[in-house]
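Q: Please take a close look at one part of this model, the packing of its elements. I am new to it, so a careful, connected description would help.

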Amino acid sequence: MASSLQDTLVTYEELAELELEFDDVETEIIRHQVQLTQPLYEKRHKIVAQIPNFWPLVLEQAPPDIDEYIQPSDSALLLACLTSLSVSHFEIENGAKGDPRSVAIKWEFSENEYFEDRVLEKKFWYRRAEDGWAGLVSEPVDIKWKKDKDLTGGLLSMVKRVWDEDQALEKAGKGGAKAKDKELTPQQKELKKKIEETGLGGLSFFAWFGFRGQRISAEESRLAIEKEQKQRKLRLEGKKVEPSEDDADDDDDDDDELDGLEIFPEGDTLAVTIAEDLWPGAIKYFTQAQEQDALSDLEFESDMELDLEELEEDGDEAPPSKKRKAGGE
């Protein structure tokens, strides 16, 4: 049975304010947690650096929310060449008062046949829009692929070119992606067509480096936060807050058109899963990999014993046993 606030003294504004207070507390919990665990992560980094294939084994046991985005070709590269993975809350480093929900995810690789980069780092900024939306935004990170080795089929480089073009238009005062009633540029049309032809199902994990998210600048986020704080102050004083005309979204059609240029729609969700699950649970996932390998060894030995018994029962000479090397070699 649905209930209504009309028969109570509670207002929607009070409920909204309570939600914001919960959000404030959760943000401060993250801030303190980062400060308390930072020394432990530094200690862990020094220890696991001595373990061969630590991060590839961790990634091999990645939860489904990560594993579903890793194609077989991606797996071959990550398992063979990934040397380190790290997550930092860069906006609060060295005592800064930024948002602890902003994260940078750094991947380090050994020399490989796919790309020239040894380090790939992608930053995600936690920002707020004037209409109340809040979440992670990012910028495309290009990869220097070697000839005929681009696992994204050229998509990632196209995203970066479109991004650079859009930034140039904004600096020139032509609005870029935020211009009203703007048509897609030739590069944007080409990118949209390429995304539609590729489909999301067979997209490489490395396309994740092209995720952008909502087009909200640091200045727009700052103004939105200031506006929200003023409204909260008025509500606490018991004053009525009237919605402003700016809250109306006049660019829905433009946004729908530009959404088709997002190469990896779930990029922010994947970043959160890496930062809040894979990164803190790395030792757990590594241990699971070791346990799974041990079980595989037991199954191998059990199968060998059964084969030997069958051969003896058949009266054939049993072949000399071979000890299986660690790692399945």
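A: For a pair of axes, an angle under 35 degrees counts as roughly parallel, over 145 as roughly antiparallel, 65 to 115 as roughly perpendicular, and the rest as oblique. The model is predicted, so local features need pLDDT of at least 70 and side-chain atom pairs pLDDT 80 or more, while totals for chains, interfaces and linings use all residues. Residues are numbered from 1 along each chain as its sequence is written, and side-chain values use heavy atoms, without hydrogens and water.

Helix α5 (residues 155-171) and α6 (helices being DSSP runs of H or I with at least four residues, strands runs of E with at least two, numbered from the N terminus) have axes that come within 10 Å and cross at roughly 150° (lines fitted to C-alpha atoms, for helices over the stretch in contact, with N-to-C angles from 0 to 180 degrees). The two helices are therefore roughly antiparallel to each other, and α5 passes α6 in a left-handed crossing (near helix anticlockwise from the far one by less than a right angle; clockwise is right-handed). In this contact (heavy atoms within 4.5 Å), α5 contributes L155, M158, V159, R161, V162, E165 and D166, and these meet Q187, Q188, E190, L191, K194, I195 and T198 of α6. Sorted by class, the residues of this contact are six nonpolar, three polar and five charged (Ala, Val, Leu, Ile, Met, Phe, Trp, Tyr, Cys and Pro are nonpolar, Asp, Glu, Lys and Arg charged, the others, with Gly, polar).

Helix α1 (residues 12-48) packs with helix α7 (residues 218-236) at an angle of about 125°, their axes lying 11 Å apart, which means that α1 is oblique to α7. This crossing of α1 and α7 is left-handed. E13, E17, L20, E21 and D24 of α1 meet E228, R232 and R235 of α7, and by class the contact of α1 with α7 has one nonpolar, no polar and seven charged residues.

Turning to the sheet, four strands form an open sheet in the order β1-β2-β3-β4 with antiparallel pairing (at least two DSSP bridges make a pair). β1 (82-88) and β4 (134-138) stand at its edges with a single partner strand each, so one side of each is left without a neighbour in the sheet, and the twist averages 15° from one strand to the next. Strand β2 (residues 103-109) pairs with strand β3 (residues 119-128) over six bridges in the antiparallel sense, and within β2 and β3, W107 stands opposite L120. Helix α4 (residues 72-81) lies across β1 and β2, running at about 90° to β1, whereas helix α9 (residues 267-278) packs on the sheet and touches β1, β2, β3 and β4, its direction making about 80° with that of β2.
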